[in-house]
Amino acid sequence: LVILVVEVGIFFLLTKSKNWKLVSIQAQICNKDKLDLRGDFSQEDKGRCEHRPSIHENKSTGKTLAAGRLQSSALASNPPETFDSQLSAVPANSNQTRNLRNPCYKFDLEWTLALGVLAACVVVFALGGVMARFVMDRSVTNRLDIYWAGLRIFAANPLRGVGLGNSGAVATAFLLPEQIVCRTLISSHLTLLAELGIFAGFVWCGAIFYALLNGVKKPAAYAAFCGILLAAGFASVFDWDVLWDFREFGTLSVWNYILSWSLLLYFLGLLVYLSWGRAKRKNLFMAGGCSLFLMFLGLSTAFWPVPEAPKIIDGKFVASPGENPSMLVLYDRSHDLRAVRKLLGKHCPEVSALIPLEHWQFRDDIPKHQVAQVLLIGECGDFAARFPDSEILLYNPSEYLNLTRNIRKIFVPAFDSRYDAIKRTAESMDIKIHEI
């Protein structure tokens, strides 16, 4: 509903400027200086404006009479070459002639219809219970925290971003309060900036600004473009991770996936349509300047006195804030990034760790990072023998795991008889057992 109001407002704002421009041209033809916009000429000018066109049903007659009455006064004060251009603004039919006499007639009628349609929409939505959703709940207030987290992620990873589909997980694990969980940054523009970096963000924002500057003379397309642009700014209208998932369609149905792509292509089509035409250097420089300003504004959040945002290493690992990582963490599919971050904060609070963005359970390769300690969670305990030069910490491993000499500590559930055999083996190998 809000977007509908914005679209209609933008459309009529643009048509208003167009109509008043037409009114100013008509005023120059009829009076050169004054025109009563209430529907008729002022009393002061009636004596001088005898050339006012009459209302005739015959189109050609109306234009002929208007031209004849204009000619006597216009040729006296204007060179012949300017009279032709003025005459071209004379209406070509009776309806337009009526608008010349009363230029506000059509504009007032359009506004009346628009307000009537909006009022009807509000009534229908209110009766249908939709208006009850317009409350300031957490779905609204949490967005501010999510947007701020997205800007900090971009500032910490400006060049390449955090990778497609990773912004929500990184923000949830490291920057958001416990009660907030998000898959994206609830803004298509901010998500693209945080996931793909400054170069993609500059091109995206620059193209949008150029379309906004160049397309004001196309009010219908301009209003539709602004509506989708606003919606994408405050919601995940373009879900980039889902759009590029051609195998599983982002767990959506085929029709929903097609609709998602159709909306993106429609938006891009509007962008091209508004930008189409002769390139205007002024608009190009203004669009580039606005886009650069937004990029630097996002980067400036790195200097705010807040906890440091995590950085992405090699596109696959996230380094928790702090000094150089001294621990590598591998976890199975029963855990996620936030659970691992919480686990580290509880058992290893002073350690800076390197954590993969996705679980490592079914992978055969091992990371090549040289670290002093490796924490293996769940089924990933099977990788213990593949890190002979590092100290191994196991968290809730499989009860059938064969222990190796490089294991230093094992975290197991308390009072769980399944781990009795591991506890006895650990005691014989001088491995510490920590019950959780």
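Among contacts in the protein chain between residues at least 6 apart in sequence, 62% link residues at least 24 apart. This comes from a predicted model, and the chain in question holds 16 helices and eight strands. Of the 436 residues, 42% are buried. As for the outside, the chain exposes about 25,100 Å², and 60% of that area is supplied by carbon and sulfur atoms.

Two of the helices make handy examples. Helix 10 runs over residues 198–214, so its 17 residues should span 24 Å at 1.5 Å a residue by the usual rule of 1.5 Å times one less than the number of residues. The reach from its first C-alpha to its last is 24 Å, close to what was expected. The buried residues of helix 10 are Ile198, Gly201, Trp204, Cys205, Gly206, Ile208, Tyr210, Ala211, Leu212 and Asn214.

Helix 11 passes a similar ruler check. With 16 residues (219–234), helix 11 should span 22 Å at 1.5 Å a residue, and its end C-alpha atoms sit 23 Å apart, which agrees. Helix 11 is also mostly covered, with 13 of its 16 residues buried. Take Ala224, which is found in helix 11. Its relative accessibility is 17%, so Ala224 counts as buried, given that the cut-off for buried is under 20%. Ala224 also pairs up with a residue from further along the chain: Tyr266 is 42 residues away in sequence, yet the two C-alpha atoms are 9.9 Å apart in space.

Ser187 tells a similar kind of story from a loop, the one between helix 8 and helix 9. At 5% relative accessibility, Ser187 counts as buried. Ser187 and Leu230 are 43 residues apart in sequence, but from C-alpha to C-alpha they are 9.7 Å apart. Setting aside neighbours within four places in sequence, Ser187 is in contact with Tyr147, Ala232, Gly233, Ala235 and Ser236.

Next come the open spaces. The second largest pocket contains about 600 Å³ of space. It is lined by 30 residues, and those closest to its centre are Gly165, Asn166, Ala169, Arg183 and Leu357. Helix 8 (167–174), helix 9 (188–196), helix 12 (240–243) and helix 15 (337–347) are the elements that give two or more residues to this lining. Helix 8 provides the largest share, namely four residues. Sorted by class, the lining has 11 nonpolar, 11 polar and eight charged residues.

Finally, two aspartates have backbone angles worth a look. Most residues other than glycine have a negative phi. Asp314, though, has a phi near 60°, a positive value in a residue other than glycine. Asp314 sits in the loop between strand 1 (311–313) and strand 2 (317–319). With a relative accessible area of 56%, Asp314 is exposed, as the cut-off for exposed is over 50%. Asp430 also has a positive phi, near 60°. The place of Asp430 is the loop between helix 16 (420–428) and strand 8 (432–435). Its relative accessible area is 71%, so Asp430 counts as exposed.

Technical notes
Residues are numbered from 1 along each chain as its sequence is written. This is a predicted model: local features need pLDDT of at least 70, side-chain atom pairs count only at pLDDT 80 or more; totals for chains, interfaces and linings use all residues. Side-chain values use heavy atoms; hydrogens and water are left out. Buried means under 20% relative accessible area, exposed over 50%, partly exposed in between (1.4 Å probe, protein chains only). On a 1 Å grid over the protein atoms alone, a cavity is a set of points where a 1.4 Å probe fits but cannot get out, and a pocket is an open set with protein on both sides within 12 Å along at least five of seven lines; lining residues have an atom within 4 Å of a point. Grid points are joined across faces, edges and corners, and a volume is the space filled by probe spheres set on the points. Ala, Val, Leu, Ile, Met, Phe, Trp, Tyr, Cys and Pro count as nonpolar, Asp, Glu, Lys and Arg as charged, and the others, Gly among them, as polar. Contact means heavy atoms within 4.5 Å. Accessible areas come from the Shrake-Rupley method with a 1.4 Å probe; for residues, only the protein chains shown count as cover.
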